[in-house]
Amino acid sequence: YTEKYCFQAFTDYLIIFYTCLPMTLYITYEILHLFIGHQIESDNLMLFDGQKAKVRRTSVIEELGQVDFVFSDKTGTLTANEMRFASCC
């Protein structure tokens, strides 16, 4: 095989698999989301009033990572995530 033939074969494979690779990665990414969602639903430590966590969307994993602040009062109960401007000086 000549060097030109090997380069041509390599570029042909790149062009052919260029369209398949993003689709494969997307499918793998969604399967990973389903797996992690199943892990959340089957976790026995994630209970509230005797009910387990329920995953309704596959994007819940990214949303859980975006939580910055949890507001609570002195007793530790959660409050509404609503901040109001009271007064100025």
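"Exposed" here means a relative accessible area over 50%, "buried" means under 20%, and "partly exposed" covers what falls in between. With that in hand, here's a quick tour of this predicted model. The protein has three helices and two strands, and going from the N terminus the order is α-α-β-β-α. Much of what follows is about helix α2, which takes in residues 20-41.

**The protein overall**
- Just 3% of the 89 residues count as buried.
- About 8900 Å² of the protein is exposed, and 64% of that comes from carbon and sulfur atoms.
- If you take the contacts with a separation of 6 or more, 26% of them join residues 24 or more positions apart.

**Helix α2: its length and its two sides**
- The helix has 22 residues, and at 1.5 Å a residue it should span 32 Å; its end C-alpha atoms are 32 Å apart, so the two figures agree.
- H33, G37 and I40 are the buried residues of α2.
- Those buried residues sit on the same side of α2 because they cover an arc of only 60 degrees around the axis.
- Look at the other side of α2 and you'll find L21, I31 and L34, which are exposed.
- Part of the cover over the buried residues of α2 comes from α3 (60-65).

**H33, on the buried side**
- H33 lies in helix α2, and its relative accessible area is 7%, so H33 counts as buried.
- Setting aside neighbours within four places in sequence, H33 is in contact with T58, I61 and E62.
- Of those partners, I61 and E62 carry numbers that fall within α3 (60-65).

**A nonpolar patch on the surface**
- M23, Y26, I27 and I31 make up a nonpolar patch on the surface, and together they have about 440 Å² of accessible area.
- One of the patch members, I31, also turned up above among the exposed residues of α2, on the side away from the buried ones.
- Another member, I27, has its place in helix α2 too.
- How accessible is I27, and what does that make it? Its relative accessible area is 45%, which means I27 counts as partly exposed.

**D49, in the loop between the strands**
- Where does D49 sit? You'll find D49 in the loop between β1 (47-48) and β2 (51-52).
- D49 isn't a glycine, yet its phi is positive, at about 55 degrees.
- With a relative accessible area of 69%, D49 is over the 50% cut-off and therefore exposed.

Key. Residues are numbered from 1 along each chain as its sequence is written. This is a predicted model: local features need pLDDT of at least 70, side-chain atom pairs count only at pLDDT 80 or more; totals for chains, interfaces and linings use all residues. Side-chain values use heavy atoms; hydrogens and water are left out. Patches are made of residues with over 30% relative accessible area and no salt bridge: like charges are joined within 9 Å, nonpolar side chains (Val, Leu, Ile, Met, Phe, Trp, Tyr) within 5 Å. Accessible areas come from the Shrake-Rupley method with a 1.4 Å probe; for residues, only the protein chains shown count as cover. A salt bridge is a side-chain nitrogen of Lys or Arg within 4 Å of a carboxyl oxygen of Asp or Glu. Helices (H or I, at least four residues) and strands (E, at least two) are DSSP runs, numbered from the N terminus. Buried means under 20% relative accessible area, exposed over 50%, partly exposed in between (1.4 Å probe, protein chains only). The expected span of a helix is 1.5 Å times one less than its number of residues. The arc is that of the directions from the helix axis to the C-beta atoms. Contact means heavy atoms within 4.5 Å.
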